[in-house]
Every structure is written in structure tokens, then in C-alpha cells.
Amino acid sequence: MNELRIVRGTDICLYADDEPLFGVTSFTAEEKPLFHEVYEYLDSKPCDRIPQGTKYEIRIGMMSLFDHQLPVVEEFTLRLTDGDVTYCYENCRVVGRRTKTEGSGMATEEFTVKANQMEKQVAEDE
């Protein structure tokens with residue numbers, strides 16, 4: 001399982017369908033393998049696991065003031081650029097949303113997003 005976690009940075013840009021996202025406070029993306037479990041007749045334990053690719057679970061925290069930037073109904077493409085490297089998550093859909101408030105801090109929204117595939121692009125210097 002690979003994990004991409006952005007803790008802080010001013011050179012990082014995050015886009016949802018080519019629209020920049022503002023007020024992002026945290027970003028975590030995990031790559032998880034998918035398996036299809038094969039069962040024998042009348043057995044409750046799988047006898048084999050067949051790899052079915054990978055899925056991606058993304059958690060985005062943003063200030064509550066900017067919480068209407070992500071499309072919650074339709075699928076979208078999420079793009080993260082860090083200098084010369086771009087991570088492009090395809091077929092993203094919001095599957096969860098949680099409001100967090102801290103005593104003296106700001107109110108934030110935490111979105112859980114599922115994606116089907118990710119493509120890493122590196123810009124070449126010429």
C-alpha cells in the first residue's frame with residue numbers, strides 16, 4: 001500500500017476538473033489493492049484471492065468556507081501538481097463528508113473520495 005500525504009506546502013496546487021481548490025488544509029491519498037475472493041461450495045473462508053487492480057482512497061480537508069468546491073453528485077478528475085510532478089486521479093466520487101470543529105481553531109470539512117485510477121506525470125526538462 002502506497003500513501004501520498006501532503007502536510008504543508010505552497011508549491012502544491014490541487015484541481016477538481018481544472019478548477020483550483022482553495023482553503024485545503026490536508027491531503028492524503030492511499031493506494032489499496034483490490035481482490036476478488038473465491039469460495040468453495042459451503043465454505044465460509046476464501047480458498048483464493050484474485051488481484052483485481054487497485055483503488056485509491058483520498059481524504060481532503062478544507063476550511064468550511066470553501067466546502068462547496070468539490071462536486072458531490074457527479075464524478076470528477078482530481079489533479080495535484082507539485083512542481084514538475086502531476087498526480088491525476090480519474091473517476092473520483094465523494095463517498096463521505098465530515099465536519100470537524102476545534103475549540104479555538106477553525107471549522108473544517110473532511111471529504112473522503114474514491115478514485116478508480118491514478119496516473120503520475122513528470123514534466124521533462126528540455
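A short chat about the strands, burial and contacts of a predicted model follows.

Reader: Before we start, what kind of model is this, and how is it numbered?

Author: This is a predicted model, where local features need pLDDT of at least 70, side-chain atom pairs count only at pLDDT 80 or more, and totals for chains, interfaces and linings use all residues. Residues are numbered from 1 along each chain as its sequence is written, and side-chain values use heavy atoms, with hydrogens and water left out.

Reader: OK, how many helices and strands does the protein have?

Author: There are 0 helices and 9 strands. Both are DSSP runs numbered from the N terminus: helices are H or I with at least four residues, strands E with at least two.

Reader: Take β2. Which strand does β2 pair with over 5 bridges?

Author: That's β6: residues 12-16 (β2) and 76-82 (β6) run antiparallel. Pairing here takes at least two bridges found by DSSP between two strands.

Reader: And what links β2 to β3?

Author: A hairpin with 2 residues between the strands, and Asp17 in its turn has a positive phi of about 50°. β3 covers residues 19-20 and pairs antiparallel with β2 over 2 bridges.

Reader: What does Tyr15 stand opposite?

Author: Arg79 in β6, and also Pro20 in β3.

Reader: Switching topic, what share of the protein is buried?

Author: 28% of the 126 residues, with buried meaning under 20% relative accessible area, exposed over 50% and partly exposed in between (1.4 Å probe, protein chains only).

Reader: And which share of contacts with a separation of 6 or more joins residues 24 or more positions apart?

Author: 58% in this protein; a contact means heavy atoms within 4.5 Å.
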